[in-house]
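Here is a briefing on a single model. Look over the sequence and the structure first, then read the notes by topic.

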Amino acid sequence: MTPPWLLPAFVLLLGYLLGSIPFGLLLTRFTGAGDLRQIGSGNIGATNVLRTGRKGLAAATLLLDLLKGAAAVLVGAALVDGGGAMAGAMAFIGHCYPIWLRFAGGKGVATMMGVVTAIFWPAGCIFAAVWLAALFGTKWSSVGGMAAAISAPVAMWAFGRIDLVPVALALALIVLWRHRANIARLAKGEEPKIGGSKGTAAE
């Protein structure tokens, strides 16, 4: 007889493994753009990929990081009742702390957007709108990412999805933690803006 915990454990592991695929690192390496960890901030997200001068690669990284979060939710929901949020959260953790890269991953914004959108699409729309508004309004990639992350639990609450607030809040807090260096630079007025000589990775 199959233990009842086996399938949920498999969903958690699968979500983590999906999220831990470092698309930014793989794309830059396979296209000859170099080792992303040795470029700019060393982050594996789309903002740092943009520093290679390959806008197409940056867009592809953003899309793939988003899709892996959404895919984890859909697969988890299909395998286990209520497993979507569980698998999505693990995909987010996998992106931020991938075992393959000694747990030095991205900042999770794009992957969180994919997770939030797949779990409850209206909140995903709010996430995207806040992200773009804050990004283009301030020209700070980090501000856009953090504002979007904070908007997710607020949107869940506003739409009456109180059951989803805890997971959205947990992911938002991790995004803020991953941006702690950016927050320190913002406080000192030293945070570079998008389009400047150097930038910070929002992901």
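The notes below cover helix packing, nonpolar cores, salt bridges, backbone angles and two long-range pairs.

The model is predicted. The largest nonpolar core has 28 residues, and helix α6 gives the largest share of this core. Three salt bridges are counted. Helices α2 and α4 pack with their axes 9 Å apart.

**Helix α2 and its partners**

- Helix α2 spans residues 23–30, and helix α4 spans residues 55–79.
- The two helices pack at an angle of about 145 degrees.
- The crossing of α2 past α4 is right-handed.
- On the α2 side, the contact is made by Phe-23, Gly-24, Leu-27 and Thr-28.
- On the α4 side, the contact is made by Leu-57, Ala-60, Thr-61, Leu-64, Asp-65 and Lys-68.
- By class, this contact of α2 with α4 has five nonpolar, three polar and two charged residues.
- Phe-23, Gly-24, Leu-25 and Thr-28 are buried in α2.
- The buried residues of α2 pack against α4 and also against α3, residues 46–50.
- Gly-32 sits just after α2 and takes a positive phi of about 80 degrees.

**Nonpolar cores**

- In general, nonpolar side chains tend to be buried together in soluble globular proteins.
- Within the 28-residue core, Met-112, Phe-127, Trp-131 and Met-156 have the most contacts.
- Helices α4, α5, α6, α7, α8 and α9 each give two or more residues to this core.
- The share from α6 is six residues.
- Beyond its neighbours within four places in sequence, Phe-127 is in contact with Val-109, Met-112 and Met-113.
- Phe-127 is also in contact with Ala-148, Ala-149, Ser-151 and Ala-152.
- Another core, of eight residues, lies apart from the largest one.
- Among the residues of that other core are Ala-33, Ile-44, Val-49 and Ala-58.

**Salt bridges**

- Side chains of opposite charge can pair when their charged atoms come close.
- How far apart are the closest N and O atoms of Asp-65 and Lys-68? They are 3.3 Å apart, and the two residues form a salt bridge.
- Asp-65 and Lys-68 are separated by about one helical turn, because they are three residues apart in helix α4.
- Both Asp-65 and Lys-68 are buried, and both belong to the contact of α4 with α2.
- Asp-163 pairs with Arg-161 in a salt bridge, with the closest N and O atoms 2.9 Å apart.
- Asp-163 has 54% relative accessibility, so it counts as exposed.
- Arg-161 has a relative accessible area of 27%, so it is partly exposed.
- Arg-185 forms a salt bridge with Glu-191, and here the closest N and O atoms are 2.9 Å apart.
- Arg-185 lies in helix α10, residues 180–188.
- Is Glu-191 buried or exposed? Its relative accessibility is 6%, so Glu-191 counts as buried.
- Arg-185 is partly exposed, because its relative accessible area is 28%.

**Positive phi outside glycine**

- Phe-103 has a positive phi, near 65 degrees, in a residue other than glycine.
- Phe-103 is found in the loop between α5, residues 83–96, and α6, residues 109–119.
- Phe-103 is at 47% relative accessibility, so it counts as partly exposed.
- Lys-139 also has a positive phi in a residue other than glycine, near 70 degrees.
- Which helices flank the loop of Lys-139? The loop lies between α7, residues 121–138, and α8, residues 141–158.
- Lys-139 is partly exposed, because its relative accessible area is 39%.

**Sequence distance and space**

- Leu-13 is placed in helix α1, residues 6–19.
- Leu-13 has a relative accessible area of 48%, so it is partly exposed.
- Leu-13 and Ala-91 are 78 residues apart along the chain, yet their C-alpha atoms are separated by 8.9 Å.
- Arg-185 and Asp-163 are 22 residues apart in sequence, and their C-alpha atoms are 35 Å apart in space.
- Each residue of that pair has its own salt-bridge partner: Glu-191 for Arg-185, and Arg-161 for Asp-163.

Key. Residues numbered from 1 in each chain as written. Heavy atoms only, no water. Axes fitted to C-alpha atoms, helices over the stretch in contact; angles between N-to-C directions. Helix = DSSP H or I, 4+ residues; strand = E, 2+ residues; numbered from the N terminus. Left-handed = near helix turned anticlockwise from the far one by under 90°. Contact = heavy atoms within 4.5 Å. Nonpolar A, V, L, I, M, F, W, Y, C, P; charged D, E, K, R; others polar. Buried < 20%, exposed > 50% of the residue type's maximum accessible area, 1.4 Å probe, protein only. Salt bridge = Lys/Arg side-chain N within 4 Å of Asp/Glu carboxyl O. Core = buried A, V, L, I, M, F, W, Y, C linked by side-chain atoms within 4.5 Å.
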